Amino acid sequence: KVFMNTLKYLQSNEILLDVDLWRLFANLEELNRISLSFVKDFFEFVKKHVSKSDSPVDFSSVLRKFFQGDLCQTHQIYCLNYTSAVFYLENLRQREDFGIYLKQWCEQNEQCKRLHLPELLVAPLHRLTRYPLLLNNIWKRSIDETEKSFIWSLKEKVEKSIWVLEGKVKWLDNFQKLRQLQEVIMWPQVWDRDKRFFVPECLKQSLRENSSENILSSANRLLLHEGKLTLAESTRLLEVYLFLFDDFLLITKIKHNKKKHGSSDTSLIPICPSLTPELQSFIREGGFCTVLDQPIPLDRLILKNVDPIHITVFSLRNAFLIQHENRYRQCIAVFLLQAQTETSK
């Protein structure tokens, strides 16, 4: 509330007008109003019961009013926007004027209790997951069988709602990851990647139209893991970054961007917060990844550990082999990779 009201005040004075309130806070005002109303009504109901200790407690009315009303729905709307809000916030925090708003206008306020905006934005998500626990505790203490049955069905409904919401949030998070990777991963043309292939200039345009970049546009593809390794080549060690999807492995070369005087500030690029900190830092520095070889389908990938005896002979530490086979089970590519530690391997 402190952050939202302060931002509204500043915008009324024509400061930070370009900051989108909805993208940052979504329906937080409505959510706070309904949640507060639920807490007040619930405790008012409990207080009445305490003053009339002989009367039986029937929570059905107050629970029906909120859990069959707007309480869960408003939480869902907020939670679906949460990942985008964190993404947007990370971008805004790079700005000096927004930093002043956060630190000097809001975080020093006693009502914030030394909490930062990201910690406060995640609170409604935690609150939603606690509602089944509340309903379960009420169910345990209920005596009337009809009421118990109603509360149990309500608890199952809320749990199902959370389960469906988690799926939607994961889908949105994965979608944002893939969208970010589309901007970071560069796909060289086949004639640039392998000098054996000759294509006349007049034919290159028709081949460019079938861009490999679209391979990451499918929202159904999942990024399972990503990280940095070292690729051992015949004459050098190459820094590579691997992306493991649910259907293929992508090996890329890391290209660090050398900033030139007067060039655009890459630190202002919005970064997906669910990417690894290492990759986030790399993107902020203006780096990108160039695809080293064609994607390796997981059903064509063979993983082999490097025998400890070779570690001493060839000075290979934490090494393993990735072998790419074609549909005829012939080996068409081999990658000798090294991790920094045995654990990361």
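These are my notebook entries on aromatic rings, nonpolar cores, one glutamate and the cysteines in this structure.

**Entry 1: the model**
I am working with a predicted model. I keep that in mind for each entry below.

**Entry 2: aromatic pairs**
I began with the rings, and I found 13 aromatic pairs in the structure. One of them joins Phe98 and Tyr101, whose ring centres are 5.0 Å apart. Their planes meet at 55°, and I noted the pair as tilted. Where do Phe98 and Tyr101 sit along the chain? I found both in helix H6, which covers residues 96-107. They are three residues apart there, so about one helical turn separates them. Next I looked up how much of each residue is accessible. Phe98 has a relative accessible area of 0% and is buried. Tyr101 comes out at 1%, and I wrote it down as buried too.

I then turned to Phe245 and Phe248, another tilted pair, with 4.8 Å from centre to centre and 35° between the planes. Both of these phenylalanines are buried.

Some rings join up into a bigger group. I traced a cluster, linked by ring pairs, through Phe38, Phe42, Phe43, Phe66, Phe67 and Tyr131.

**Entry 3: charges over rings**
Which ring does the charged end of Arg64 sit over? I found it over the ring of Phe150, 4.4 Å from the ring centre. I also looked at Trp152, and Lys155 lies over its face, at 4.3 Å from the ring centre.

**Entry 4: the nonpolar cores**
How many residues make up the largest nonpolar core? I read off 26. The members that touch the most others are Phe3, Val19, Leu24, Phe25, Phe98 and Tyr101. I was pleased to meet Phe98 and Tyr101 again, the tilted pair from Entry 2.

I checked which helices feed this core. At least two residues each come from H1 (2-12), H2 (21-25), H3 (28-51), H5 (71-92), H6 and H7 (117-121). The largest share is that of H5, with six residues.

To see what surrounds Phe98, I set aside residues up to four places away in sequence. With those left out, Phe98 touches Leu16, Val19, Leu24, Leu89, Leu92 and Arg93.

Apart from the largest core, I found another one of 22 residues. Its members include Leu223, Phe245, Phe248 and Cys289. That brings back the second tilted pair, Phe245 and Phe248.

**Entry 5: Glu325**
I placed Glu325 in strand S8, which spans residues 319-325. Is Glu325 buried or exposed? Its relative accessibility is 8%, so I counted it as buried. Its side chain makes a polar contact with the side chain of Gln323, at 3.3 Å. I then left aside neighbours within four places in sequence and listed the remaining contacts. Glu325 is in contact with Arg300, Ile302, Gln330, Cys331 and Ile332.

**Entry 6: cysteines**
How many disulfides are there? My count came to zero. I looked at Cys112, and the nearest cysteine sulfur belongs to Cys106, 6.3 Å away. Two sulfurs must lie within 2.5 Å to count as a disulfide, so Cys112 is in none. Cys112 has 4% relative accessibility and counts as buried.

For Cys272, the nearest cysteine sulfur is that of Cys289, 15 Å away, and Cys272 is in no disulfide either. Cys272 is buried, at 0% relative accessibility. I had already noted Cys289 as one of the residues of the 22-residue core.

Technical notes
Residues are numbered from 1 along each chain as its sequence is written. This is a predicted model: local features need pLDDT of at least 70, side-chain atom pairs count only at pLDDT 80 or more; totals for chains, interfaces and linings use all residues. Side-chain values use heavy atoms; hydrogens and water are left out. Rings of Phe, Tyr and Trp (its six-membered ring) pair if their centres lie within 6.5 Å; planes under 30 degrees apart count as stacked, over 60 as edge-to-face and the rest as tilted. Helices (H or I, at least four residues) and strands (E, at least two) are DSSP runs, numbered from the N terminus. Buried means under 20% relative accessible area, exposed over 50%, partly exposed in between (1.4 Å probe, protein chains only). A charge sits over a ring if NZ of Lys or CZ of Arg is within 6 Å of the ring centre and within 35 degrees of the ring normal. A nonpolar core is a set of buried Ala, Val, Leu, Ile, Met, Phe, Trp, Tyr and Cys residues joined through side-chain atoms within 4.5 Å. Contact means heavy atoms within 4.5 Å. A polar contact is a pair of N or O atoms within 3.5 Å; within protein, one must be able to donate a hydrogen and the other to accept it, and residues adjacent in sequence count only if both atoms are side-chain atoms.
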